[in-house]
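Biologist: I'm new to reading protein models. Could you walk me through one, feature by feature?

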Amino acid sequence: MANQQEQVYLEAGEWIDRLAGGDLDALNRHRFVRWLEKSELHRATLEKMIATWEDPTLQAAFVAAKKASLPSRKRSLVTWGSAVAASLLAIAIIWPDYRGDTVAPSPQLITAAHEALSDGSEVQLQPSSELAVLFSDDTRYLNLKKGQGYFDVAKDRSRPFVVKVGLSSVTAVGTAFNIDRQEQRVDVVVHEGIVEVRGNADSAPLLLKAGEQLTIENGVAGPVEKIDLAQRVDWRTGWIEVEDESLNYLFERLNRYAEKPILLVDSPVGNRRVAGRFKLEETAQTLAMLGSLYNLDIADTRSGYEISRQAD
């Protein structure tokens with residue numbers, strides 16, 4: 001039962017991420033309703049998470065999606081009443097402390113550089129990162145909304161430690177790993193132990209052990225790569241080391257530290273490939289170095305650092 005609850009929890013987290021993006025299209029509304037009606041455990045789990053997240057945009061998207069009906073699954077008033085009762089029963093099973101007349105607890109939103117969690121785990125976040133934390137009796141559930149985090153997980157075999165990152169997820173029991181989230185890309189590096197990685201809710205799990213990394217693009221996991229952790233330059237040192245990455249990749253990470261935004265005036269410039277080691281917190285000096293190395297024009301304006309290619 002615990003494995004089933006964990007799987008439903010992960011699937012519900014996937015729908016939370018999709019709903020957070022706004023109204024679903026017709027196909028996904030159809031899939032969403034089918035998923036909700038598959039079992040009352042699905043509905044109860046998702047409704048609990050929606051209530052806990054306390055996000056008006058998410059709630060509005062959820063209500064809109066539920067209005068989509070499947071002709072073959074019309075419910076009578078009696079059936080609907082039974083469904084509500086079953087939902088409450090399922091909630092009581094998953095969250096024993098739930099009562100219909102109580103307000104669900106809000107998730108803990110973490111933006112601090114270093115945070116000790118209630119289970120003994122520790123999280124280090126890069127600047128401009130956001131992490132939502134919601135622990136239950138069965139699962140330690142986290143959502144890396146943006147940025148990068150290093151997780152040192154306290155062992156608790158009865159409660160998996162699940163980090164959602166968009167469509168993807170990383171699950172551990174007792175280990176240490178790093179997750180870096182970009183718009184369509186997620187990088188996972190394991191420093192200790194083993195984690196289970198899913199590119200999306202429907203993909204097969206991949207086991208990643210210490211000294212290995214992988215990149216997920218648009219919910220699709222790439223190959224597992226071995227790395228030398230002793231030689232790796234970690235963001236926690238204040239530096240970033242890139243090898244054959246785009247300027248877009250580098251600027252997105254530098255922007256997490258910059259006192260004002262780095263703006264690409266000439267968007268094709270962002271596709272240029274770069275390599276090197278750069279100081280994260282010294283934006284002006286780092287940009288000046290990049291300008292000389294890659295023939296970039298750097299304009300320091302009120303709105304931000306405007307980047308374009310140098311005129312021929």
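**Reading a cavity and a sheet**

Modeller: Sure! This model is predicted, and we can start with the second largest cavity: its lining is made up of Gln 7, Leu 10, Glu 14, Lys 164, Leu 167, Ser 168, Ser 169, Arg 198, Asn 200 and Ala 201.

Biologist: How many cavities of 30 Å³ or more does the structure hold?

Modeller: Here's the general idea: rolling a probe the size of a water molecule over the atoms shows where empty space is left. In this structure there are two cavities of 30 Å³ or more, and the second largest has about 50 Å³ of space.

Biologist: Which helix gives the largest share of that second lining?

Modeller: Helix 1 does, with three residues. Helix 1 (2-20) and strand 7 (168-172) each bring at least two residues to the lining of the second largest cavity. By type, that lining splits into three nonpolar, four polar and three charged residues.

Biologist: Now for a sheet. In what order do the three strands of the open sheet come?

Modeller: The order is 16-19-18, with mixed pairing. Strand 16 (262-264) and strand 18 (296-300) are the edges, each pairing on one side only. On average, neighbouring strands here are turned by 25 degrees against each other, direction ignored.

Biologist: Do strands 16 and 19 run parallel or antiparallel?

Modeller: Parallel: three bridges join strand 16 to strand 19 (residues 305-309). For instance, Ile 262 has Tyr 305 in strand 19 as its bridge partner.

Biologist: And what packs on the sheet?

Modeller: Helix 6 (residues 247-254) does, touching strands 16, 18 and 19, with its direction at about 155 degrees to that of strand 16. Helix 7 (residues 283-294) lies across strands 16, 18 and 19 too, running at about 155 degrees to strand 18.

Methods: Residues numbered from 1 in each chain as written. Predicted model: local features only at pLDDT ≥ 70, side-chain atom pairs only at ≥ 80, totals over all residues. Heavy atoms only, no water. Pairing = 2+ DSSP bridges. Helix = DSSP H or I, 4+ residues; strand = E, 2+ residues; numbered from the N terminus. Axes fitted to C-alpha atoms, helices over the stretch in contact; angles between N-to-C directions. Contact = heavy atoms within 4.5 Å. 1 Å grid on protein atoms, 1.4 Å probe; cavity = no way out; pocket = protein on both sides within 12 Å on 5 of 7 lines; lining within 4 Å. Points joined across faces, edges and corners; volume = space filled by probe spheres on them. Nonpolar A, V, L, I, M, F, W, Y, C, P; charged D, E, K, R; others polar.
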